[in-house]
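Work through the exercises below with the coordinates open. Try each task before reading its solution.

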Amino acid sequence: FRRYRLSLSGRNSSDYFKLDQWDGHDAVTTKTSLDRESIPLFRLTVTASDFDKPALFSSSSFDVVVGDANDFSPQFGSSAYTFDIVENSAVDTSVGTVLATDRDIGTNALLQYSVSTSSPVAGLFDVSNSSGLIQVVGSLDREKYDNVVLVVKVNDLGSPRRSSFCTVNITILDSNDNRPVFQKQAYRAQISEATPVGSPVISLSA
């Protein structure tokens with residue numbers, strides 16, 4: 001026969017916890033599932049009081065820290081990004097940054113970026129594994145490709161890993177690297193001295 005009674009107190013304690021028996025001992029157990037993103041910390045107090053009058057009692061307080069489960073996927077700030085870059089830009093030139101966030105914490109919120117596109121144009125650009133910065137890694141020639149679409153993946157380091165994707169549209173701008181060229185290397189024209197002012201002399205094409 002137990003000669004004392006127990007009570008549990010604390011903010012939100014009655015919604016999430018209860019006093020129970022566990023393996024023959026008094027214990028605080030959960031009443032429902034916990035969500036760290038809603039309430040990451042509970043401060044509970046268990047009070048033991050006897051049946052005398054007046055009753056004597058003692059209390060013990062403790063914190064319940066809710067650990068993180070990898071229940072959120074990282075999310076990009078936008079599902080699609082648009083950048084411009086001039087052709088012939090040097091390797092390592094910055095194009096732009098794609099950024100994702102994760103509502104989890106710790107390892108579950110550590111993010112890695114990678115290019116997920118498997119096409120020849122994917123070799124023109126790469127993304128920093130840690131920062132999401134997209135840089136030039138190949139030779140850009142607008143006459144070959146004037147627009148490149150990449151798919152960038154971000155994943156966390158939780159277990160199991162969770163991931164998301166975004167598209168990146170990169171327009172390659174002309175650097176005016178091709179000079180105009182006449183269709184002929186040399187032209188020759190004859191004109192009479194009596195030709196009226198404003199008359200055509202020769203037709204050129206470039």
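The model is predicted.

**Exercise 1. Which residues, beyond four places in sequence, does Thr45 contact, and which side chain does it meet in a polar contact?**

Solution.
- Start with the contacts. Leaving aside neighbours within four places in sequence, Thr45 touches Ser7, Leu8, Ser9, Ser59, Ser60 and Ser61.
- Place the residue. Thr45 sits in strand β4, residues 41-49.
- Now look for polar atoms. The side chains of Thr45 and Ser61 are joined by a polar contact of 2.8 Å.

**Exercise 2. How many salt bridges does the structure hold, and which residues are linked in a network?**

Solution.
- Search the whole structure. Four salt bridges turn up.
- Take Lys18 and Asp20. Their side chains form a salt bridge at 3.9 Å, N to O. The cut-off is 4 Å, so this pair counts.
- Check accessibility. Lys18 is partly exposed at 36%. Asp20 is partly exposed too, at 34%.
- Move to Arg36. It pairs with Glu37, with 2.8 Å between the closest N and O atoms. Arg36 is buried, at 12% relative accessibility.
- Extend the search from there. Arg36, Glu37 and Asp68 are linked in a network of salt bridges.

**Exercise 3. Which strands does the salt bridge between Asp63 and Arg43 tie together?**

Solution.
- Confirm the pair. The closest N and O atoms of Asp63 and Arg43 are 3.5 Å apart.
- Assign the strands. Asp63 lies in β5 (residues 57-65) and Arg43 in β4, so the bridge ties together parts that are 20 residues apart in sequence.
- Compare the partners with the cut-offs. Asp63 is partly exposed at 45% relative accessibility. Arg43 has 58% and counts as exposed, because exposed means over 50%.

**Exercise 4. Which residues of the largest nonpolar core touch the most other members?**

Solution.
- Define the set. The largest nonpolar core has 25 residues.
- Rank by contacts within it. Phe76, Val98, Phe125, Ile134 and Val168 touch the most other members.
- Trace the strands. At least two core residues come from each of β7 (80-86), β10 (111-115), β11 (125-127), β12, β13 and β14.
- Zoom in on Ile134. Beyond four places in sequence, its contacts include Phe83, Val95, Val98, Phe125, Val127, Val168 and Ile170. Thr93, Ser94, Gly96 and Asp126 are also among the contacts of Ile134.
- Look for another core. A second, separate one has five residues, including Ile39, Phe42, Leu44 and Val66.
- Set this in context. Nonpolar side chains tend to be buried together in soluble globular proteins.

**Exercise 5. Which residues make the nonpolar surface patch of about 480 Å²?**

Solution.
- List the members. They are Phe182, Ile191, Val201, Ile202 and Leu204.
- Locate one of them. Phe182 falls in the segment after β14 (163-173).
- Test its accessibility. Phe182 has a relative accessible area of 48%, so it is partly exposed.

**Exercise 6. How far apart, C-alpha to C-alpha, are Thr107 and Gly158, and Asp141 and Ser89?**

Solution.
- Take Thr107, in the loop between β9 (100-101) and β10. Its C-alpha is 5.8 Å from that of Gly158, across 51 residues of sequence.
- Check for contact. Beyond four places in sequence, Thr107 touches Leu157 and Gly158. Thr107 is partly exposed, at 45%.
- Take Asp141, in the loop between β12 (133-136) and β13 (147-156). Asp141 and Ser89 are 52 residues apart in sequence, and 9.3 Å separates their C-alpha atoms. Asp141 is partly exposed, at 26%.

Definitions and conventions. Residues numbered from 1 in each chain as written. Predicted model: local features only at pLDDT ≥ 70, side-chain atom pairs only at ≥ 80, totals over all residues. Heavy atoms only, no water. Patch = residues over 30% accessible without salt bridge, like charges linked within 9 Å, V, L, I, M, F, W, Y side chains within 5 Å. Areas by Shrake-Rupley, 256 points an atom, 1.4 Å probe, with all protein chains shown as cover. Helix = DSSP H or I, 4+ residues; strand = E, 2+ residues; numbered from the N terminus. Buried < 20%, exposed > 50% of the residue type's maximum accessible area, 1.4 Å probe, protein only. Core = buried A, V, L, I, M, F, W, Y, C linked by side-chain atoms within 4.5 Å. Contact = heavy atoms within 4.5 Å. Polar contact = N/O pair within 3.5 Å; in protein donor to acceptor, adjacent residues only side chain to side chain.
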